[in-house]
Amino acid sequence: MSTNKKNRADFINFRHLFSTYLSHWYLFAISIVVFGVLGYLYSRTKNPVYDVRANVLIQEEGNNLLSNFGSLGELFGSGAKVDDEIFRLTSHSIYRDVAKELGLNKTHIVRSGFLKHELAYPDFPVDVTCAPSLPDTLSTNLAFKIKVNKKGLADIEVLAKKKTVTEVKKAQLPATVETPYGNFTVTKTKYYPEGESVKTTIAFRGYGATAEILADLIDSDIPSRKGNVITLWVNTENPAYGCTLLNSVIATYNAHGITDNNMQTTNTLEFIEDRLASIGKDLNDAEINIRKFKENNNLVEFEAEAKYQAEKRGKIEENLLTAQTKADILQMTLDFFKNPANNYSLVPVSVDEKALTEAITAYNTIVLKRIELLDNVSPENLAVKGLETQLDAMRENLRLSLQRAYDNSLVALNEIKKEHESVKGRLGQAPNQEYEYVDLRRQQEIKQQLYLFLLQRKEETSIMLANALPKGVVVDEAYVLSEPISMNNKIYILLFLIIGLLVPPVGLYLRKIIRNRFDSRTEVEDALTTPILGEMCADRSGKTLIATADNHSSAAELFRLIRSNLLFMLNNADDKVVLLTSTTSGEGKSFISINLAASLALLGKKVLLVGMDIRKPRLTEYMNIHPRYGLTQYLSTDSVQIDQLITPVPAVKGLDVITSGPIPPNPAELLASEKVDAMFAQLRTMYDFIIVDTAPVGMVSDTFTLSRISDATIYVCRINYTPLSDLKFIQDIYDENRLKKLSVVINGTTTKKSYGYGYGENK
């Protein structure tokens with residue numbers, strides 16, 4: 001194949017495409033009209049879609065009233081992380097609660113004509129209700145098909161997985177419907193049009209399935225990574241529904257956050273109250289002991305007498321008091337960690353050591369993460385187990401650290417006591433009663449200081465509980481953008497018109513692929529490097545012989561054109577024998593052979609048409625002649641002479657025919673015999689041109705056998721009949737030079753104005 005042909009085949013022939021589309025203009029017109037109407041109808045069924053948005057600011061630690069209470073704020077967790085909060089804001093549990101609150105597990109659908117649409121929230125004429133616990137456990141989607149007539153009687157059909165499970169006829173509303181999944185009640189709402197018939201379908205889902213739908217419907221994003229704002233948005237045809245949905249999501253998120261915070265605060269308050277009761281009893285016992293000591297020793301104004309000694313020991317006793325308080329606080333915290341009931345609970349007391357305070361704060365942070373994770377997963381979740389393992393290790397480390405700190409505080413306390421004993425020994429002049437009184441007084445002051453400390457913490461915790469604030473501050477409640485985001489009706493119609501314009505080319509292309517037939521001369525020229533001898537249009541006359549002197553139809557003129565091109569190819573004086581073949585029968589090989597021979601005879605030449613398709617002879621039928629002898633009889637016997645084979649054609653002067661004769665049992669052997677060569681050697685001396693109608697090469701090898709006696713070969717293919725794969729077969733024959741001077745005639749083309757002639761339309 002030549003390089004030019006290959007390059008041409010690699011590019012789209014736009015001229016051919018335009019010609020093809022132009023010939024099918026009516027398909028474009030019909031498609032554009034149909035799709036234009038469809039676009040108009042579709043645009044009438046589409047409601048505008050609006051973008052509903054809401055913005056939430058996530059507060060960080062320190063942006064609330066409790067930040068003024070110092071280290072107490074550290075006791076209850078660290079600052080919020082926006083990435084974590086956006087996960088909580090769009091979590092399954094939040095959507096599930098929203099679906100439950102708004103009743104979004106039900107979708108109301110009505111039919112208007114042949115179209116279905118969802119009713120606007122919440123204008124439902126008929127509703128379905130059930131026990132509150134049923135949607136929590138429902139795992140199958142149900143469909144309630146309800147038809148209410150003008151008398152208010154309802155036909156109710158319940159479907160599960162597209163199969164009817166319950167059916168009720170002529171029921172007065174409200175009506176109870178029993179199903180395998182539970183009992184449901186169908187009722188009228190305040191929007192029911194009394195005196196009118198209603199036909200609706202209500203899709204009923206569980207809250208879990210509805211939460212999954214909301215997760216796909218609602219989108220979220222963090223507009224700026226440097227900020228703490230989360231944007232929620234939903235695209236919906238019902239702006240009121242969208243606003244209600246987003247506001248409910250934010251409110252539910254804040255309610256969950258307040259509940260979590262209050263749970264921590266309430267646990268701390270209960271712990272403090274328990275300790276206050278215990279310390280209060282100890283303080284009361286200390287005061288009773290002081291009163292009894294005074295009574296037993298008749299001391300009324302002992303304070304004045306002990307003033308001097310108290311001032312003297314003030315500094316030591318102050319240090320002793322501080323050490324004792326620290327030891328008691330450490331002991332309380334250590335007792336909290338030793339109690340198994342407090343595993344995975346928040347540590348409600350901070351100690352007066354920076355390292356321990358930071359460790360307890362880190363422990364509380366992990367506890368809060370575990371509590372938040374349990375809102376969405378089961379306790380057996382791997383993430384929960386991982387946090388518990390981490391907490392166990394941290395709790396053991398904290399217990400050991402607290403134990404060491406407590407032991408150290410006892411050592412320090414004992415050192416101060418020893419120092420106090422030393423001072424007391426040096427002040428031995430003071431009465432023994434004073435010592436006992438001061439000791440009792442010190443115990444009472446320790447209990448009193450601890451009691452006041454816990455009272456202060458109780459008040460702070462109560463304030464925190466009373467002023468619990470959500471993490472999410474609503475910056476913008478749900479609002480609707482002024483312009484719809486969906487396309488307007490004109491754009492819908494334009495898109496459908498574009499689709500209508502594209503459908504015919506796609507259809508024609510698919511038709512071509514499915515049919516696997518070429519439909520134009522251009523395709524043949526693009527596929528082959530074989531010379532194109534000419535083309536032949538379809539003839540409606542019904543005649544076999546159309547190449548006559550008085551016929552000037554388009555088909556006759558095209559035969560004259562093929563004749564001219566053939567004479568140009570037969571450029572040697574000895575070039576006389578032309579084979580005509582095709583890939584298979586039905587491509588018009590015999591028709592072309594007859595009329596090409598007749599066309600050559602019109603030049604005043606002596607022409608012979610030889611029928612050598614001896615397996616399926618058709619010349620006698622086409623030309624309506626019945627000679628006594630045929631070719632096979634001549635080749636198989638010696639009794640028949642060439643002159644006995646030749647039959648003149650009365651309609652065309654100078655044209656003779658040799659028919660194939662009876663079908664032999666050994667056609668291949670006959671055509672390969674030397675008698676064929678001798679016959680054609682003699683015929684060459686008798687005729688100017690010999691046209692040989694041979695067998696199709698795609699079926700038998702007879703034509704290749706006869707190539708030895710030929711000077712040129714014409715290969716006939718047919719529009720919309722010959723497969724594209726046969727063109728490759730023709731090209732292979734040409735490339736391998738298996739047939740002499742091979743050229744192609746394209747049969748079945750449409751007529752066109754060419755070479756100065758105006759041809760009429762042919763089909």
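Helices, such as the one that supplies most of the patch in the second figure below, are DSSP runs of H or I with at least four residues, numbered from the N terminus.

**Figure 1. Overview of the predicted model.** The structure shown is a predicted model. The protein contains 25 helices and 21 strands. Of its 763 residues, 44% count as buried. Contacts between residues at least 6 apart in sequence join, in 76% of cases, residues at least 24 apart. The exposed area of the protein is about 40000 Å², and carbon and sulfur atoms supply 53% of that area.

**Figure 2. A nonpolar surface patch and helix α15.** The patch covers about 930 Å² and is made by I32, I491, L494, L495, L497, I498, L501, L502, V506, Y509 and L510. Helix α15, which spans residues 489-515, contributes 10 residues, the largest share of the patch. I498 is one of the residues of helix α15. With a relative accessibility of 40%, I498 counts as partly exposed, because this class lies between the limits of 20% for buried and 50% for exposed residues.

**Figure 3. Surroundings of S248 in helix α9.** S248 belongs to helix α9, formed by residues 239-296. The relative accessible area of S248 is 6%, and the residue is therefore buried. When residues up to four places away in sequence are not counted, S248 touches V98, E101 and L102.

**Figure 4. The open sheet of three strands.** The strands follow the order β4-β9-β8, and their pairing is antiparallel. Strands β4 (126-130) and β8 (175-179) stand at the edges; each has a single partner strand, so one side of each is left without a neighbour in the sheet. On average, neighbouring strands of this sheet are turned by 30 degrees against each other, direction ignored. Five bridges connect β8 with β9 (residues 182-188) in the antiparallel sense. Within this pair, V177 has F184 of β9 as its bridge partner.

**Figure 5. The open sheet of eight strands and its packed helices.** This sheet has mixed pairing and the strand order β14-β21-β20-β15-β19-β16-β18-β17. At its edges stand β14 (532-537) and β17 (647-648), each with a single partner strand, so one side of each has no neighbour in the sheet. Strands β16 (residues 607-611) and β18 (residues 655-658) run parallel and are joined by four bridges. Here V610 stands opposite I658 in β18. Helix α18 (residues 589-601) packs on the sheet and touches β14, β15 (577-582), β16, β18, β19 (689-693), β20 (712-718) and β21 (742-749). The direction of helix α18 makes about 170 degrees with that of β19. Helix α25 (residues 724-736) also packs on the sheet, where it touches β20 and β21. The direction of helix α25 makes about 160 degrees with that of β21.

**Figure 6. Strand β20 and its two parallel partners.** Strands of a sheet pair through backbone hydrogen bonds, either parallel or antiparallel. Strand β20 is largely enclosed by the rest of the structure, because six of its seven residues are buried. Strand β15 runs parallel to β20, and five bridges join the two. In this pairing, T581 has Y715 of β20 as its bridge partner. Strands β20 and β21 also run parallel, joined by six bridges. The bridge partner of R718 is N747, which lies in β21.

How values were computed
Residues are numbered from 1 along each chain as its sequence is written. This is a predicted model: local features need pLDDT of at least 70, side-chain atom pairs count only at pLDDT 80 or more; totals for chains, interfaces and linings use all residues. Side-chain values use heavy atoms; hydrogens and water are left out. Buried means under 20% relative accessible area, exposed over 50%, partly exposed in between (1.4 Å probe, protein chains only). Contact means heavy atoms within 4.5 Å. Accessible areas come from the Shrake-Rupley method with a 1.4 Å probe; for residues, only the protein chains shown count as cover. Two strands pair if DSSP finds at least two bridges between them. Axes are lines fitted to C-alpha atoms, for helices over the stretch in contact, and angles run from 0 to 180 degrees between N-to-C directions. Patches are made of residues with over 30% relative accessible area and no salt bridge: like charges are joined within 9 Å, nonpolar side chains (Val, Leu, Ile, Met, Phe, Trp, Tyr) within 5 Å. A salt bridge is a side-chain nitrogen of Lys or Arg within 4 Å of a carboxyl oxygen of Asp or Glu.
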